Amino acid sequence: MSAGGQLGDPPPTPVDIKAELRRAVGALHDLQPSKVQSMTSDLSIDEELILHSVGWEPIELVCGVSLYSVPMGVWNWGQGEITSASAAYARAFEGAIDRIHRECAKAGGHGVVGVQVDRSIHRHHIDVTLLGTAVRPVGARRVDAAHVFVSDLSARDFTLLHVSGWQPLGLAVGAGFVYAPRRSIGLAMQQKSQNVELTNFTEAMYSARESAMERMQSSAITMGGTGVVEVKVTEGPMDFARHAVGFAAWGTAVRLVAEDHRSLKPTMVVPLDDPMSGFEATALRGN
Amino acid sequence: MTDTAPDLPEAANRRFASQAFTSGLTVPDFAACLQMGLEPVGYVQGFCVMQWGWYGLNSPYRRGISPYGGGQGGYMESWQCPHGFVSNEHRSWGQNYEQSWIEDAWGQGFGTAYSRMLEEAAAVGAHGVVGVVDTADRLGDLGVLEFHLRGTAVKVTDAPAPPGGQPWTTYLAGQRLAKLIEAGYMPVSVAAAVSSVRVWAYCMTEYLLGGTSSAWGMQPAGAEITQVASAQMAARQIAREHVRAQMAGDSLHGAEMVVSEHELSEGDQEIQCLLRGNRVRRFKDFDPMPVPHPTVRLS
Amino acid sequence: MSDDPQGLPEATSHRLEELEHGLFTSDLSVNEFLLIKEVGFHPLGFVMGSSIYHTGIQTRKWGQSQELTKLTEAMYNARELAMTRMEEEAAQLGADGVVGVRLDVNYYEWGKDAAEFIAVGTAVKAESGVSHRNKLGKPFTSDLSGQDFWTLMQTGYIPQGLVMGTCVYHIAHRGLGQTLGSAGQNIELPNFTQALYEARELAMTRMQDEADRLGASGIVGVRLEEKSHQWGSHTIEFLSLGTAVVKTSDDVTLPTPITIVSLDN
């Protein structure tokens, strides 16, 4: 936590933005591109400023992609967990995370923030794409790929956690795929006109959810995390396999690194802006 | 302002001759630009309509025409069938390669539209163009792609006429632009490039993607589909390299990456990656601001 | 542009009468309402105008790119009529202007080739009693939201009118020879570039002409819209819209923003 101010510092004296603009425009023609390392970042200027306020900087846009095959036939009727699908899901994430780690370390980053997690589950393969911004404390040395973190938290969330004394460790991921149990024809007929809980279905959902959450938790614990924030969950049947249920969860594993959690002490505000209102351009667009 | 630029349509010259400015900025962006000493002078645009097909002469789309050596770009990788079959139906070879003719055509379309926009900006005596929007849309069923760039040309209040060089351009406007300059970055230009990677699937890729046990008696177990993963990584890598080549030591700010896939048959596909952003140059050292004050909204 | 929309329907007159007696209606949000009060304006009422227009047919040449002037005129006149009727309602309320104007086009089952053009907004009046009507003596119109209206007033500009220009253009089909001749290459088609360029410039210039008639210093929030309506993919309407503004003061009185980080989601 080198440069940068502390929370609640008095606001800086306003910059004469007109003068700054003149200086910037003048410099454009005199100044040669700097010799310092050029960076690539998909952060907004707000995110970059807030990251800089705690002494971190973006350096490069990095990604990781992996596709892992699901052996044929695994979605057919069966019982219990569809282990090869659950395994393929885990492998695809491992592959993508491993690649983004390597890209990050190669670019000189200490971690990746704002990771966009795209996953798609097909009958025969599971694809995972991760895209984020490699960041590091300003001017810091390289670290090994094994020591970088990957987080789907935004640069803003990363900064707020950092200020409060927390550190992201990595993506905690878990998924479970199970077969929805088959009801015997006799049982189905019997239940047709009744209001009853379909206990075996309930159990299937439970078991998928439990194994996914359990896997996510244990991956967080392996990383040394004491919590997982912003957990996202998806569940439901897949359109290519209606008698199977998939449940997936992922989030960022975090750990308290300061001695104590530091309070942010927010101010309350009353905003006067609405979410975008006014002219709706799309109303004029064709079909 | 009164000189008519030769290549502009008559209507454009009439528009620029008017005393009133046109600005494509939203009101908050307009206000922020005035506040920082940028006056809008005109809404400027540039076009280029390109004939567009994925299967150029250099891009054979029938399997069997393109064996090894088909790539022209820098990236190429090949895969060999591990089974030892010889059959017309068995895809015994696989290849990924960069399709530089598509990348170049895209660059030509974007670049032409861009320089036409700059021509308009120069015609109204602008220092820069802010709030640039670019699109590359297919027009109906014409098999063409229209590159359209537009933005608001601005003058720096009370500044001398722009020097001979090109106006600077940026996707940003308003407060975001003000903050960028406050942070010590000056926009140089918008930057964009695409990469195009063609994937010719070999037997293993085909089986793994399609789950086909095939007539060859193989039951593919779970495995990573390395050929496609490799192409996906390469497409993103090449796009970043293309843009970096335009940077000449400057930085790319506010980048956006868009990836699209065109599937041609099982496993055979084109992966296209578009990367765009603002090329910016540091003109003063960064003076980090204090951590902003956290707020909670009371409504 | 033609008709004097004399004789608004009776229910309309009745509704407007009630509004004249001090009641106001508005589709503004509370935030917008308060911001409009902040710059010294008071909402008078929700006003609207509508016109159902039959947009005739014009023959198109298969292989030629050209403007379809008849359709251009129809699209322009229909919107202009709806706008004028809305202005008329506002004028009857004694308004200085209309904010938050929205323009829309509806197609109905019962009317092939007929479309309803609608304009709605909130009429406002300055509390100081100083007239803010535009050069033509009509209430100004603008598609600005309450927030945008407030912000614009801080920059020393005031709105004069929602201005628009339109151009309906037919884009040529490509002959077989053309297609084959250049097969296999991604190259520029300069004729198409030029045609589309011209179509959009025509729309923009017509918008600019409207602004010039209002004596505006500029147009803010310019947008270019493209729409095929029901004419098929080769006939496109290019519509450009913006708010003409006039400069009344050199002072930009925007307060310096304060940097905050919101903990809200």
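Let's start with the buried residues of helix α2 in chain B: they are Val27(B), Asp29(B), Phe30(B), Ala31(B), Ala32(B), Cys33(B) and Leu34(B). That is seven of the nine residues in α2(B), so the helix is mostly covered, with buried meaning under 20% relative accessible area. Please keep in mind as we go that this is a predicted model.

What does α2(B) pack against? One partner is helix α4 of chain B, residues 174-182. The helix α2(B) itself spans residues 27-35, and the two axes are 7 Å apart at an angle of about 35°. From α2(B), the contact uses Asp29(B), Ala32(B), Cys33(B) and Gln35(B), while α4(B) brings Gly174(B), Gln175(B) and Arg176(B). If you sort that contact by class, you get two nonpolar, three polar and two charged residues. A little reminder for reading helices: an α-helix has 3.6 residues a turn, so residues three or four places apart point the same way. Just after α2(B) you will find Gly37(B), with a positive phi of about 90°.

While we are on phi, let me show you two other spots in chain B. Most residues other than glycine have a negative phi. Asp158(B) is not a glycine, yet its phi is positive, near 60°. You can find Asp158(B) in the loop between β6 (144-156) and β7 (168-169) of chain B. Is Asp158(B) buried or exposed? Asp158(B) counts as exposed because its relative accessibility is 73%, and the cut-off for exposed is over 50%. The second spot is Ala248(B), whose phi is also positive, near 45°. Ala248(B) sits in the loop between α6 (226-247) and β9 (251-265) of chain B.

Now for a sheet with strands from chains B and C. Its order is β1(B)-β7(C)-β8(C)-β6(C)-β2(C), which makes an open sheet of five strands with mixed pairing. Which strands are at the edges? They are β1 of chain B, residues 21-22, and β2 of chain C, residues 66-67, each pairing on one side only. In general, strands of a sheet pair through backbone hydrogen bonds, either parallel or antiparallel. Here β1(B) and strand β7 of chain C, residues 218-227, run parallel and are joined by two bridges. If you want to see the join on screen, look for Thr22(B), whose bridge partner in β7(C) is Ile219(C).

There is a helix to add to that picture. Helix α6 of chain C, residues 190-213, lies across β1 of chain B and across β2, β6, β7 and β8 of chain C. Relative to β6(C), which covers residues 157-170, α6(C) runs at about 150°.

Let's stay in chain C and zoom in on a single residue, Gln92(C), in helix α3, residues 69-92. Why does Gln92(C) count as partly exposed? Its relative accessibility is 36%, so it falls between the 20% and 50% cut-offs. Beyond its neighbours within four places in sequence, Gln92(C) is in contact with Leu8(C), Leu16(C) and Glu20(C). Gln92(C) is also 9.0 Å from Ser13(C), C-alpha to C-alpha, although the two are 79 residues apart in sequence.

Stepping back, chain C as a whole has six helices and nine strands. Of its 265 residues, 54% are buried. Its accessible surface is about 11,600 Å², with 53% belonging to carbon and sulfur atoms.

How confident is the prediction for chain C? The average pLDDT is 82, and 86% of the residues score at least 70. Within chain C, strand β5, residues 140-141, has the highest confidence at 94, and helix α5, residues 176-181, has the lowest, at a mean of 46. Residues 1-5 of chain C stay under 50, and the model gives them eight contacts beyond four places in sequence. Where pLDDT is low, the predicted coordinates should not be read in detail.

Finally, a quick look at chain A, which has six helices and eight strands. Along the sequence, the pattern is α-α-β-α-β-β-β-α-β-α-α-β-β-β. Chain A has 287 residues, and 47% of them count as buried. Take the contacts in chain A between residues at least 6 apart in sequence: 77% of those join residues at least 24 apart. The accessible surface of chain A is about 14,400 Å², and carbon and sulfur atoms account for 54% of that.

How values were computed: Residues are numbered from 1 along each chain as its sequence is written. Chains are lettered from A and ligands numbered from 1 in the order in which they are written. This is a predicted model: local features need pLDDT of at least 70, side-chain atom pairs count only at pLDDT 80 or more; totals for chains, interfaces and linings use all residues. Side-chain values use heavy atoms; hydrogens and water are left out. Axes are lines fitted to C-alpha atoms, for helices over the stretch in contact, and angles run from 0 to 180 degrees between N-to-C directions. Helices (H or I, at least four residues) and strands (E, at least two) are DSSP runs, numbered from the N terminus. Contact means heavy atoms within 4.5 Å. Ala, Val, Leu, Ile, Met, Phe, Trp, Tyr, Cys and Pro count as nonpolar, Asp, Glu, Lys and Arg as charged, and the others, Gly among them, as polar. Buried means under 20% relative accessible area, exposed over 50%, partly exposed in between (1.4 Å probe, protein chains only). Two strands pair if DSSP finds at least two bridges between them. Accessible areas come from the Shrake-Rupley method with a 1.4 Å probe; for residues, only the protein chains shown count as cover. pLDDT is the predictor's confidence in each residue, from 0 to 100.
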